[in-house]
Amino acid sequence: MKLIKLRCLAIAILLFATCKKYEPPVAPTNVDFTLNLDEQANSNLKTKGKWMAANSIIIIYAPDGKYYALQQTCSYKQCNLEYLDNSQLVQCPCHNCMFEIINGTVYQGPAGIALKTYNATLTGNKLQIKSK
Ligand code: FES
C-alpha cells in the first residue's frame, strides 16, 4: 500500500512539474501595411462578406460595408480564427469561441480575453491596416 502511495505521489509531482502556465498569444503590434485590392491575392476584399488573413491579422469586408481588422490568433489557445459568413463575428475552429468583429469582444467562450483590433482604412483601391 505504501508503494502505491509513493507511486501516486511521484506521478503527481511529475505532472505538476511538466505543466506549463498558459500564456495568451501576443497580438501583432506596430502594424502598418497596405493591401492593393486590385491584386489577385487581395481581391476577396472587394466583395462584401469575404475575408482574408495577412501578417497575422484577419481582415473582413463585412456585410455592413465596413472593413474590420483583428488579430488572427484566438485569445484562448491560439488557433487561427475564421470569419463566420454573413455575420459580425469571427469564429475559432478549435473550441468554437466567437468574437465581435466591431471591437474584438468575446461573444461566446471559452475565451475570456478580447481580440486586439486595428484600423482598416480604404483609400481608392488601397486598404491600409494600422495599429490604433
Ligand atoms: S483556440 Fe480558440 S476556441 Fe480554442
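**Strand pairing, core and a loop residue in a predicted model**

Strands β9 and β10 form a hairpin in which two residues lie between the strands, and Gly124 in the turn has a positive phi of about 65°. The model in which this hairpin appears is predicted. The pairing of β9 with β10 (residues 126–131) is antiparallel and extends over six bridges. Within this pairing, Thr121 stands opposite Gln128 of β10.

The hairpin belongs to a chain whose secondary structure comes to one helix and ten strands. Along the sequence, the elements follow the pattern α-β-β-β-β-β-β-β-β-β-β. Of the 132 residues in the protein chain, 27% are buried. Among contacts with a separation of 6 or more, 38% are accounted for by residues 24 or more positions apart.

Six of the strands form an open sheet with antiparallel pairing, and their order is β1-β10-β9-β4-β3-β2. The edges of this sheet are occupied by β1 (32–36) and β2 (50–54); each has a single partner strand, so one side of each is left without a neighbour in the sheet. From one strand to the next, the twist averages 25°.

The pairings within this sheet can be followed from the β2 edge. Strand β2 is joined to β3 (residues 57–61) by five bridges, and the two strands run antiparallel. Two positions illustrate this pairing: Lys50 stands opposite Tyr61 in β3, and Trp51 stands opposite Ile60 in β3. The hairpin of β2 and β3 has two residues between the strands, and Asn55 takes a positive phi near 55° in this hairpin.

On the next step across the sheet, β3 pairs with β4 (residues 67–71) in the antiparallel sense, again through bridges that number five. Leu70 in β4 is the bridge partner of Ile58. The hairpin of β3 and β4 has five residues between the strands, and here Gly65 takes a positive phi near 85°. Strand β4 also pairs with β9, in the antiparallel sense and over two bridges. Leu70 takes part in this pairing as well, with Thr117 as its bridge partner in β9.

The burial of β3 was examined next. Five of the five residues of β3 are buried, so this strand is largely enclosed by the rest of the structure. In a regular strand, side chains alternate between the two faces of the sheet. In β3 both faces are covered: Ile57, Ile59 and Tyr61 are buried on one side, and Ile58 and Ile60 are buried on the other.

Strand β3 also figures in the largest nonpolar core, which has 27 residues. The members that touch the most other members are Ile58, Ile59, Ile60, Tyr67, Ala69, Leu70 and Ala120. Two or more residues are given to this core by each of β3, β4, β9 and β10. The greatest contribution is that of β3, with five residues. The surroundings of Ile59 show how this residue meets other parts of the chain. Apart from neighbours within four places in sequence, Ile59 is in contact with Leu45, Trp51, Met52, Ala54, Tyr67, Ala69, Ala120 and Ile129.

A further open sheet consists of four strands in the order β5-β6-β7-β8, and its pairing is antiparallel. Its edge strands, β5 (82–83) and β8, each pair on one side only. Strand β7 (residues 98–100) is joined to β8 by two bridges, and these strands run antiparallel. Gln108 in β8 is the bridge partner of Met98.

Beyond β8, the loop that leads to β9 was considered through one of its residues. Ala114 lies in this loop, between β8 (106–108) and β9 (117–123). With 15 other C-beta atoms within 10 Å, Ala114 is partly exposed, because this count falls below the 20 required of a buried residue and above the limit of 12 for an exposed one. Leaving aside neighbours within four places in sequence, Ala114 is in contact with Ser75, Gly104, Thr105 and Val106. Ala114 and Asn103 are eleven residues apart in sequence, and their C-alpha atoms are 8.2 Å apart in space.

Methods: Residues numbered from 1 in each chain as written. Predicted model: local features only at pLDDT ≥ 70, side-chain atom pairs only at ≥ 80, totals over all residues. Contact = placed C-beta atoms within 7 Å. Pairing = 2+ DSSP bridges. Axes fitted to C-alpha atoms, helices over the stretch in contact; angles between N-to-C directions. Core = buried A, V, L, I, M, F, W, Y, C linked by C-beta atoms within 7 Å.
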